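Hello,

Here is the structure I promised to pass on to you. Please open it alongside this message, and then read on for a short tour of what turned up.

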Amino acid sequence: MMKLLVNKLFGKFAIFALIVFTSMSIASAKIKVVSTFSILGDMVQNIGGNNIELTTLVGANGDGHVYEPTPADAKSVAAADVVFVNGLGFEGWIDRLVKASGYKGKIIIATKGIKELKFEGELDPHAWQDLSNGRIYIKNIKNALTDVDPKNSNLYKKNFIAYDKILESMDKSTKDKFADIPKKNRKVITSHDAFLYFGRAYGIDFRSPVGVTTESEPSAGELAELITEMRKDNIKALFAENITDPRLIKQLAKEVNAQIGGTLYSDALSDNSEPANTYINMFKYNVNELANILSK
Ligand SMILES: [Zn+2]
């Protein structure tokens with residue numbers, strides 16, 4: 001009789017313990033998040049903190065325009081609770097990847113709500129190069145993570161508020177910094193048109209030989225036209241980019257007897273051994289490089 005009672009009690013306890021253990025492991029499980037490229041990934045990580053397990057598809061110094069997804073990417077997308085993309089045509093490969101993966105969950109477009117720029121009839125995807133847009137990205141990210149994981153909404157809100165304050169103050173200091181440089185000096189050539197949002201926000205005239213994607217190469221005629229413009233407008237500030245081959249920009253510098261000002265981080269962060277390993281660090285680095293050259 002006694003033995004039976006003990007068994008009964010123990011059995012109940014075992015079931016109780018099992019229930020507690022199971023609900024605990026559900027509560028502590030991280031949500032699986034995919035972001036398409038490193039700059040967006042860093043923003044997502046800042047909002048999600050320790051609650052998310054993040055996979056970023058196009059890593060440091062990678063070119064998101066011409067990326068070729070791998071079978072491992074399809075696996076990551078298939079297992080995701082939510083997928084973040086830039087949109088505006090940046091990731092031309094994303095629809096095929098999502099279809100191949102069988103993923104049916106949410107796809108969040110981080111640029112939703114920004115004031116879009118067009119260049120020669122094409123949408124310009126590089127909206128992250130304006131910090132006021134970065135603030136819209138992180139708001140969209142905060143809202144999406146809150147939808148997917150409402151029980152951690154307070155944490156996402158807290159992370160968002162802290163991050164947003166930094167971006168807001170950087171946006172203002174960046175405007176002030178370039179306003180101090182004479183307008184006629186604020187002209188820059190880069191490898192592709194990744195900085196038109198930057199230019200609109202901070203008053204710099206950016207031009208490039210190829211337009212808003214790295215998929216095309218300039219014709220001899222287009223190059224000649226740009227060289228003529230550079231001579232006419234006395235543009236001596238030329239920058240290479242971390243994601244593109246520097247040969248073209250070197251050739252242009254030679255044509256106008258200029259030096260390359262340095263390398264800007266356009267469409268991807270650097271790895272941790274370089275100075276642009278987060279969105280904030282990337283922005284600070286680009287601003288300093290540009291301001292140094294343009295104020296000479
Ligand atoms: Zn680009």
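**What was found**

R207 counts as buried, at 16% relative accessibility. Its salt-bridge partner is D205, and the closest N and O atoms of the two are 2.8 Å apart. D205 itself counts as partly exposed, at 27% relative accessibility, so this pair joins a buried residue to a partly exposed one. Please keep in mind as you look around that this is a predicted model.

**Other salt bridges**

How many salt bridges does the rule count? The count comes to 12. Here are two more of them to look up.

R247 and D245 form a salt bridge, with 2.6 Å between the closest N and O atoms. R247 counts as exposed, with a relative accessibility of 61%. D245 is partly exposed, with a relative accessible area of 42%. Elsewhere, salt bridges that share partners link D205, R207, E229, K232 and D233 into one network. The pair from the start of this message, R207 and D205, thus has both of its residues in that network.

The side chains of D171 and K175 also meet in a salt bridge, at 3.4 Å from N to O. Where do D171 and K175 sit relative to each other in helix α6? They are four residues apart there, so about one helical turn separates them. Is D171 buried or exposed? With a relative accessible area of 8%, which is under the 20% cut-off, D171 is buried. K175, at 39%, is partly exposed.

**Two domains and their contact**

Now for the wider view. The domain assignment gives domain 1 as residues 30-173 and domain 2 as residues 179-294. To their contact, domain 1 brings 37 residues and domain 2 brings 32 residues. The C-alpha centres of the two domains lie 25 Å apart.

The size of an interface is often given as the accessible area lost when the parts come together. For domain 1 and domain 2 that buried area is about 2800 Å², with 59% of it on carbon and sulfur atoms.

Which elements supply at least two residues each to the side of domain 1 that touches domain 2? They are α2 (38-48), β6 (122-123), α5 (131-148) and α6 (153-179). The largest share of that side comes from α6, with five residues. By residue type, the side of domain 1 that touches domain 2 divides into 19 nonpolar, 10 polar and eight charged residues.

How many salt bridges does the rule find across the interface of domain 1 and domain 2? The number there is zero. Polar contacts are another matter: 21 residue pairs are in polar contact between the two domains, counting pairs with both residues at pLDDT 80 or more.

**One residue to visit**

If you would like a single spot to start from, try S76, which lies in helix α3 (residues 71-78). Leaving aside neighbours within four places in sequence, S76 is in contact with V34 and T55. You can also look from S76 towards S101: these two are 25 residues apart along the chain, and their C-alpha atoms are separated by 8.5 Å.

I hope this helps you find your way around. Do write back with any questions.

Best wishes

Key: Residues numbered from 1 in each chain as written. Predicted model: local features only at pLDDT ≥ 70, side-chain atom pairs only at ≥ 80, totals over all residues. Heavy atoms only, no water. Domains from an automatic or database assignment. Contact = heavy atoms within 4.5 Å. Buried area = accessible area lost by both parts, 1.4 Å probe. Salt bridge = Lys/Arg side-chain N within 4 Å of Asp/Glu carboxyl O. Polar contact = N/O pair within 3.5 Å; in protein donor to acceptor, adjacent residues only side chain to side chain. Nonpolar A, V, L, I, M, F, W, Y, C, P; charged D, E, K, R; others polar. Buried < 20%, exposed > 50% of the residue type's maximum accessible area, 1.4 Å probe, protein only.
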